[in-house]
Amino acid sequence: MKFGKEFAAQMVPEWQEAYMDYDYLKTLLKDIQSFKQRTRPAPAPSGLKRTLTLYRAFSGLTSFQRHGQPITCPSSPDVEDQPILVNSVNRDGSQRYKTTFLMESDSGGEYELVYFRRLDDEFNKVDKFYKSKVEEVTQEAEMLSKQMDALIAFRIKVEHPQGWLPWQDMSGDMTRLASDVAASTASLAASLPASARASRRVDHMEIIAEGPSVHDESDEDKQDKESKGMKENVVQVQKPVVSKHKGRKPPPPLEILDRVKMNNTLATPRSTIKVFLNVPKQTELKFDRENLKKVEGKLKQAFVEFYQKLRLLKSYSFLNTLAFSKIMKKYDKITSRNAQQSYMKMVDNSYLGSSEEVTKLMERVEAAFIKHFANSNRSKGMNILRPKTRKQRHTTTFSTGFLAGCTFALIIALILIIRARNIMGKDGRIQYMETMFPLYSLFGFIVLHIVMYAANVYLWRRYRVNYAFIFGLKQGTELGYREVLLVSFGLAVAALASVLSNLDMEMDPETKDFKTFTEIIPLILVAVVFIVLFLPFNILYRSSRFFFLTCLFRSICAPLYKVTLPNFLLSDQLTSQVQAIRSLEFYVCYYGWGDFRHRQNSCKTNDVFNTFSFIVAAVPYWIRLLQCLRRLFEEKDPLQGYNGLKYFITIVAVCLRTAYSLNKGLVWEVLALVFSVAAAIVSTYWDIVYDWGLLQRHSKNKWLRDKLLVPRKSVYFGAMVLNVLLRFAWLQTVFNFRLFDLHRQTMITIVASLEIIRRGIWNFFRLENEHLNNVGKFRAFKSVPLPFNYDEDEDKDE
């Protein structure tokens with residue numbers, strides 16, 4: 001793989017604008033190369049050409065002076081022989097690097113001058129971004145250090161509620177553990193840049209000693225004893241910091257808890273109701289095991305996220321340094337100059353190449369995490385800090401292909417059986433379409449939606465949309481498109497096999513009955529799907545199943561839970577699955593109150609069933625309305641209010657269309673048509689302008705947006721047109737279009753399938769727009785709520 005492709009593949013997607021523009025610099029080098037090829041003198045005629053291999057002058061095996069000229073060492077050439085001179089310039093209070101090209105008078109020198117100007121711009125951009133990110137992680141490290149101080153004190157208070165007086169008389173194990181904690185925290189503080197340590201506004205706190213460990217002495221503890229001299233050197237680094245506050249008396253360890261309060265960041269229905277009723281928050285510390293477990297869980301998650309940020313920062317520095325080395329090597333090769341050494345010496349001496357803050361922070365975070373969150377088990381701690389990516393297994397690919405083949409074979413078999421037995425011409429056809437077809441269409445809707453999601457995952461990965469970060473998935477648990485297709489084809493095979501098993505259109509003339517077992521196969525299949533979905537064992541993608549159930553539960557409980565992007569995206573999916581939800585309603589009516597043994601039911605004439613048809617159709621839009629109101633209340637964003645109004649109009653339109661389909665009549669038809677047109681126009685405009693970020697008149701891409709991930713603009717225009725057409729597919733339910741004399745249930749299924757396809761297209765462009773928003777803000781990490789809040793932090797906020 002060429003370096004350019006490898007460089008692009010290893011970029012942090014949200015930081016791609018901050019990386020060196022390697023491709024553009026390559027185009028500048030190609031311009032230099034093409035100019036040199038154009039101006040290169042023509043070769044001598046072939047008749048005068050001779051082979052110089054045997055006639056070259058031999059310069060000897062050792063270096064010597066020739067014609068009185070001094071020998072120039074390649075490692076330290078004269079300045080006059082250098083093509084470039086790199087200087088550091090202070091401009092607007094920031095350090096920048098400027099390269100002076102000394103060979104501008106040469107032929108094609110203007111091309112090389114443009115190259116070095118752009119090269120300097122790229123390096124200064126990278127160096128500035130790296131510096132800013134290091135400052136951010138330094139501040140976060142200080143915050144995590146304070147959180148760890150409070151956690152250790154909290155542990156002491158929980159384990160010794162009567163006080164911690166006898167700790168000075170503890171055995172040598174206690175002293176050793178305390179010194180380990182001291183070394184860990186002191187080294188973490190010492191690894192911070194000097195500017196960050198000088199900017200601390202809070203008093204330096206003594207290292208808090210923990211109680212004796214109940215675990216056996218680990219190998220790391222033995223190594224700690226052996227490296228006593230190293231620890232003494234580490235602790236000495238802290239002494240100048242303590243000397244700054246020599247006149248102040250540091251607070252005793254447990255007094256830290258007097259200045260700390262709990263952060264109630266978990267948004268639960270109970271906390272939401274309390275906020276709505278203006279009940280004051282309980283921020284006082286409660287020293288019990290349950291709270292200690294919550295605090296440790298939050299800090300553990302914060303450390304993992306912080307370590308991931310450090311890893312990506314280290315990768316950012318390495319990749320950009322390597323990219324500058326590669327591009328300068330190409331420059332030397334094209335121009336036959338020796339500029340790489342001088343330029344890379346500047347890169348190595350710059351903040352990007354010489355800063356070690358990130359490496360030191362990584363080492364101290366590893367040590368602190370292993371000691372306090374992994375019981376000194378290094379392998380366990382590093383597995384948590386560095387989760388392994390999901391490996392693509394050949395069995396998954398084989399199983400997906402096998403089930404896909406089975407799916408298509410069953411579809412062909414189903415078509416052949418219908419044609420061979422002339423099933424569509426028998427008397428039981430109408431009865432089958434009114435009873436069994438709605439039951440099995442549920443699986444068709446689900447399979448189609450999963451297939452569209454698999455296509456989305458494939459395209460997101462191809463165009464480097466960080467969907468795992470947007471959804472908030474735990475690293476290493478996100479499913480690829482093969483795994484998603486495996487689930488969809490597995491469900492499709494089960495559904496098609498059950499369809500073939502009870503494709504009976506006529507009753508038994510003797511019993512006037514269908515086979516009971518074959519009639520309840522759809523119900524058995526639904527039960528199996530629910531059992532697998534709620535299966536607690538670590539099989540069949542448990543983390544993904546539980547993530548889906550959690551988002552579904554929080555969506556149903558809207559607005560009691562805080563609205564996050566996965567929650568309202570899932571609610572948007574439900575708005576496209578109204579017909580599937582109605583099929584579930586029909587399951588309840590058909591098997592609960594219908595005579596399924598004779599394929600008879602009175603659901604369509606039941607007032608309760610019809611009433612629930614209204615409710616079921618409006619529930620997904622009602623959930624989205626409540627989520628918009630919750631965000632309007634929290635974020636004070638009027639745009640959420642307008643979005644909620646859109647869903648309210650849609651609820652009215654859906655209810656009127658349902659009423660028209662049940663009651664008919666001119667009045668219902670007119671009302672359904674007016675509100676449906678209004679809802680479709682507003683929803684279409686919102687999809688294209690706000691959800692996709694398109695139709696921007698003054699963008700670089702006319703009527704699209706400035707940044708596009710798909711290179712072909714026609715894809716965006718085609719998606720907009722298709723979205724408009726599919727948005728108005730509901731017109732069939734109002735005007736009752738008759739296509740090829742299809743049954744009414746067939747038309748309903750086709751319209752519902754078109755809506756699912758539209759939602760799949762919407763998903764790709766919605767996440768593309770969200771990803772580009774994250775890229776614009778360099779937002780590559782989720783914010784993790786911390787458990788403690790210091791008093792001085794509150795003063796700073798005020």
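What span should the 17 residues of helix α12 have at 1.5 Å a residue, and how far apart are its end C-alpha atoms? In this predicted model, helix α12, made up of residues 357-373, should span 24 Å, and its end C-alpha atoms are 23 Å apart, which agrees with the expectation. Twelve of the 17 residues of this helix are buried, so α12 is largely enclosed by the rest of the structure. The buried residues of α12 include the nonpolar Val 358, Leu 361, Met 362, Val 365 and Phe 369, and Glu 357, Glu 366, Lys 371 and His 372 are also among them. Just after the helix, Asn 375 takes a positive phi of about 55°.

Glu 366 of α12 is also a partner in one of the salt bridges, of which a search of the whole structure finds 23. Its side chain meets that of Arg 386, with an N to O distance of 3.5 Å. Because Arg 386 lies in the loop between α13 (378-385) and α14 (394-420) while Glu 366 lies in helix α12, the pair ties together parts that are 20 residues apart in sequence. Arg 386 is partly exposed, with a relative accessible area of 36%, whereas Glu 366 is buried at 11%.

A second salt bridge, between Glu 634 and Arg 630, has an N to O distance of 2.7 Å; these residues are four apart in helix α23 and are therefore separated by about one helical turn. In general, an α-helix has 3.6 residues a turn, so residues three or four places apart point the same way. Glu 634 is partly exposed, with a relative accessible area of 33%, whereas Arg 630 counts as buried at 9% relative accessibility. In a further salt bridge, the closest N and O atoms of Glu 768 and Arg 705 are 3.2 Å apart. Glu 768 belongs to helix α28 and Arg 705 to the loop between α25 and α26, so this pair ties together parts that are 63 residues apart in sequence. Both Glu 768 and Arg 705 are buried. Salt bridges that share partners also join Asp 21, Arg 118, Glu 122 and Lys 125 into one network.

On the surface, a positive patch is formed by Lys 2, Lys 5, Lys 30, Lys 326, Lys 329, Lys 330 and Lys 333, and helix α9 (residues 289-335) gives the most to this patch, with four residues. Lys 30 lies in helix α2 (residues 22-39) and counts as exposed at 52% relative accessibility, because the cut-off for exposed is over 50%. A nonpolar surface patch of about 650 Å² is made by Phe 517, Ile 524, Val 528, Val 532, Phe 537, Ile 539 and Leu 540. Helix α19 (residues 521-533) gives the most to the nonpolar patch, with three residues; Ile 524, which is placed in α19, is partly exposed, with a relative accessible area of 36%.

Several features of the backbone were found in loops. A cis peptide bond with omega of about 5° joins Ala 558 and Pro 559, and Pro 559 is placed in the loop between α20 (542-556) and α21 (565-575). Lys 636, in the loop between α23 (607-635) and α24 (638-663), has a positive phi near 55° and counts as exposed at 60% relative accessibility. Leu 695, found in the loop between α25 (666-691) and α26 (713-727), likewise has a positive phi, of about 60°.

Methods. Residues numbered from 1 in each chain as written. Predicted model: local features only at pLDDT ≥ 70, side-chain atom pairs only at ≥ 80, totals over all residues. Heavy atoms only, no water. Helix = DSSP H or I, 4+ residues; strand = E, 2+ residues; numbered from the N terminus. Expected span 1.5 Å × (residues − 1). Buried < 20%, exposed > 50% of the residue type's maximum accessible area, 1.4 Å probe, protein only. Patch = residues over 30% accessible without salt bridge, like charges linked within 9 Å, V, L, I, M, F, W, Y side chains within 5 Å. Areas by Shrake-Rupley, 256 points an atom, 1.4 Å probe, with all protein chains shown as cover. Salt bridge = Lys/Arg side-chain N within 4 Å of Asp/Glu carboxyl O. Lys, Arg positive; Asp, Glu negative; His and termini not counted. Charge placed at Lys NZ, Arg CZ, Asp CG, Glu CD.
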